[in-house]
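Biologist: I would like to learn how to read a structure like this one. Could you walk me through it step by step?

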Amino acid sequence: ILHMMQLVTLDFDLLHISCLFGKDNPHMKFSLQLLVYPGFVAALCLVVLCYKLARRPVSFDTFFNINGILLFMMFITLTLTVWTPFQCAENPNGSTYVSSNPGIECWDTSEHVVLVILAVAGTLCYPVAILAWAFWTTITYPHRVQSGEGLRLIQRHRFFFERFKVERYYYGLFLLIRNTVVALIPVVLVTVPAVQLVAMGIVLLAGLALQSRLWPWRTEGSNFADMGAVCCLIVVLLSAAPLLVVELADTEVLLSILLCTTILGSLACGLAAVMHGLYRRFKPKERFDAFLCHHKQGAGCLCRFVKLMLQKHSDSAIFLDSDNLEDLDVLFDIVRCNCKNLIVILSPDVLKRIWCAGEIVTAHRNNISIVPVRCDGFTPLNETGLASLDHIWQEEEKHILATFGIQMDHVIEAYHHLQNLPFLNLARSSASEELEKVFIALISSCKLPKRALSSVSAHTGQPSVVVLGGYTDLEALATCQIVETTIQQRMQSETMVVRTIEEAEKAVRHAIYAIVVLTRGVLLDPAFVNVFSVMLDAVQVGQGSKSGLEFLIINADVRFEFPDAAMYARLECGDMAIPGVVHTRGPMLAEAYRGLFSSLALPLTPHGSEGLMAKQLEEVCCRFRKLGRRGSLASSDIDEAVRRHSTAQGRSPGVRVTRSVSTGDKVRVTRSVSTGDRVRGTHSASTGERAIQATLSWESWFSRRSSRTEATPVTPAATPRASCSSMPATTPATENALPSHTWRILGGDASPNSRESSPSVARERPSEPADIEEGVARPSEQDAPALKATKIEL
């Protein structure tokens with residue numbers, strides 16, 4: 001076994017390679033060792049070519065990932081191999097020789113010079129090139145994960161990042177650095193094996209401590225396996241220690257060096273800690289690099305988005321009252337003592353708020369840098385406006401400022417200074433690229449450190465997740481941008497806020513999920529209605545992504561009112577006029593909204609703390625099961641498995657496959673078959689969670705619409721689609737049924753918008769019992785085996 005292990009270290013003496021050349025040529029042997037990895041790559045290319053000839057082409061990303069895994073596995077071996085000529089031991093007469101080949105003297109023979117030249121070339125090609133690539137990829141990761149184009153490159157480096165947690169993306173670089181040091185120790189300390197043992201133990205223990213602290217691997221098993229492997233290596237080192245033969249004099253010198261290093265190092269660390277404490281005591285560091293001064297109602301969501309963008313392009317600490325403020329009494333002290341810059345978000349009413357006035361006055365009187373950002377609708381106060389502040393504020397409010405030593409004269413003086421400063425223009429309805437340019441300029445104006453290689457992110461126009469919401473209300477738009485930024489960073493899938501019909505038509509071809517952000521008045525917002533209708537129409541005619549488009553709703557406004565029966569009736573009758581929307585689309589909107597609100601709305605508090613929003617958006621990300629990354633089963637794989645099974649059973653591929661997924665230990669895949677006008681439902685419960693599915697055929701919808709309006713039936717391409725997942729446009733004529741609607745209810749407790757759901761049964765829609773009961777088409781006996789076979793439990 002030990003002889004076979006020589007192949008792992010690329011020692012080919014076991015294979016007697018020298019017999020092929022007739023003599024033992026060290027140069028040829030070393031060259032073959034350097035060419036092992038290119039040989040593996042050539043074999044991999046041959047395999048890829050065979051797959052291509054078999055009409056099963058392998059993508060470049062897959063090829064790159066396989067090559068990366070191979071390179072990661074062979075890194076220590078390749079590094080040790082290329083540094084073999086530098087591993088010189090000493091002879092008793094004072095000369096040195098190559099440890100792996102004692103017949104070659106170091107530095108004095110032409111043979112060794114050639115080996116050194118080859119070793120330098122190998123060092124540049126392997127450890128240096130690999131470490132440079134890993135370092136570059138790691139430092140650009142935070143920027144790439146924020147843009148659609150960068151996410152494609154991240155997918156190409158899955159072997160390097162996806163094995164670790166998102167917040168521990170840098171751990172792959174640490175592993176490469178640790179492995180480089182492990183390979184370097186036998187070369188540098190070749191003449192002192194006892195020191196090699198100690199140095200190797202220190203490196204392994206340091207790596208074990210860091211791994212235990214970070215717990216970086218994505219699964220618990222991987223973390224424990226890594227920890228166990230390092231512990232075994234340390235045990236092997238301890239077991240090898242008694243086998244070392246060291247002279248007594250050398251032992252005394254070694255122990256003296258180790259003890260002195262340990263004692264003096266501990267004293268130096270303690271002294272440095274004391275000096276650092278004294279330095280910070282007399283010169284405290286500002287806790288925050290910038291303070292966001294804003295009006296909560298007019299720019300609260302905007303400031304959350306501003307903070308996200310500033311943290312994207314800078315490592316600076318940003319103060320936002322929702323995250324950092326615990327006591328109003330210390331608010332002005334934070335501005336005076338713990339901030340370098342005061343960023344004033346000039347929304348229409350910001351100068352009329354007493355707390356904003358106090359922050360501006362405090363910064364002005366204490367020479368804190370003030371950077372104004374002018375938003376839409378802001379009008380500077382003239383002399384009349386400044387004088388009117390004394391009448392706008394109540395005596396109680398002015399008394400609050402007076403308790404902090406702030407008088408009206410101080411406010412007017414600070415406002416004059418503020419309005420004379422150069423400001424940045426922030427058009428809140430601009431494209432995301434334009435907004436990002438303003439935020440980068442804001443970082444420069446505040447003189448904050450900018451992240452390496454930070455630049456404006458670009459969308460590819462092919463998002464996996466699209467965000468819809470109110471575009472007229474600027475705070476609602478900022479909420480959509482918060483959702484877009486956070487979800488893209490967390491899921492590492494391109495996310496995009498679609499605002500126009502053109503963007504919606506392009507994005508729906510690739511989108512898998514559509515998030516509808518509910519805010520006050522969003523359902524009657526013309527821009528939202530147009531975008532929402534375009535996406536529904538595209539899904540209806542089969543232009544959606546191959547995995548199907550599913551809708552997820554987020555309630556981000558406590559003032560949002562869920563539609564009631566009166567609103568649905570007005571939409572269906574065309575009495576509710578929406579500017580820019582044809583009134584004949586009212587019935588379609590009513591049916592679409594019914595389907596949309598049959599699912600539970602997840603909560604979001606954009607004015608809440610950073611921790612609260614992170615938890616809420618984490619729950620949202622848990623619903624993205626179709627993205628199927630991070631080791632979970634991709635929904636598209638489930639679809640493909642069920643489709644193959646359905647074909648094997650002889651069933652029509654036109655029936656709709658829907659998934660019922662719970663958060664327990666079981667995942668159920670159910671195929672729902674539309675049978676005429678009948679409403680069929682299934683219910684599965686696991687660990688307290690439920691997933692209720694109901695299918696309603698288009699045929700019953702047509703009959704209801706015809707009975708009400710006495711209009712001729714329209715084609716499926718023109719019919720409304722209120723589905724949370726895409727469906728086939730038509731079914732075979734033998735089925736005598738049009739594609740079915742699907743409403744999905746996922747979650748726990750019922751909410752006001754899930755009034756038609758039940759924890760135990762899938763109910764018929766109470767508003768139309770006659771349509772459901774009349775003309776029910778029940779499955780025949782010959783359909784029973786197929787229906788039974790299409791319920792698969794994984």
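Modeller: Happily! Let us start with an idea we need for strands: two strands pair if DSSP finds at least two bridges between them. Keep in mind that this is a predicted model.

Biologist: Which residue of β3 is the bridge partner of Tyr97?

Modeller: Tyr97 has Glu105 as its bridge partner in β3. Val98 is bridged to Asn101 of β3. That gives two bridges between β2, residues 96-98, and β3, residues 101-105, and these strands run antiparallel. With two residues between them, β2 and β3 form a hairpin.

Biologist: In what order do the strands of the sheet lie?

Modeller: The order is β1-β2-β3, in an open sheet with antiparallel pairing. β1 (88-90) and β3 each have a single partner strand, so they stand at the edges, with one side lacking a neighbour in the sheet. On average, neighbouring strands here are turned by 45° against each other, ignoring direction.

Biologist: Which helix lies across these strands?

Modeller: That is α6, residues 110-139, which lies across β1, β2 and β3 and runs at about 105° to β3. UniProt, in an unreviewed entry, lists transmembrane regions, among them residues 113-136 and 255-279. In the model, residues 113-136 are 100% helix, with the end C-alpha atoms 32 Å apart. Residues 255-279 are also 100% helix, and their end C-alpha atoms are 36 Å apart.

Biologist: How many disulfides does a search of the whole structure find?

Modeller: To count as a disulfide, two cysteine sulfur atoms must be within 2.5 Å. The search finds one. Cys88 and Cys106 form a disulfide, with their sulfur atoms 2.2 Å apart. Cys88 sits in β1 and Cys106 in the loop between β3 and α6, so the pair ties together parts 18 residues apart in sequence. The torsion about their S-S bond is about -100°, so this disulfide is left-handed.

Biologist: Are Cys88 and Cys106 buried or exposed?

Modeller: Here the cut-off helps: buried means under 20% relative accessible area. Cys88 has 11%, so Cys88 is buried. Cys106 has 3%, so Cys106 is buried too.

Biologist: What is the distance from the sulfur of Cys231 to the nearest cysteine sulfur?

Modeller: The sulfur of Cys232 is the nearest, 7.0 Å away, and Cys231 is in no disulfide. Cys231 is partly exposed, with a relative accessible area of 33%. Cys621 is in no disulfide either; its nearest cysteine sulfur, that of Cys622, is 7.2 Å away. Cys621 counts as buried, at 7% relative accessibility.

Technical notes. Residues are numbered from 1 along each chain as its sequence is written. This is a predicted model: local features need pLDDT of at least 70, side-chain atom pairs count only at pLDDT 80 or more; totals for chains, interfaces and linings use all residues. Side-chain values use heavy atoms; hydrogens and water are left out. Helices (H or I, at least four residues) and strands (E, at least two) are DSSP runs, numbered from the N terminus. Axes are lines fitted to C-alpha atoms, for helices over the stretch in contact, and angles run from 0 to 180 degrees between N-to-C directions. Contact means heavy atoms within 4.5 Å. UniProt positions are given in the numbering used here, feature names are shortened, and annotations may be inferred rather than shown by experiment. Buried means under 20% relative accessible area, exposed over 50%, partly exposed in between (1.4 Å probe, protein chains only).
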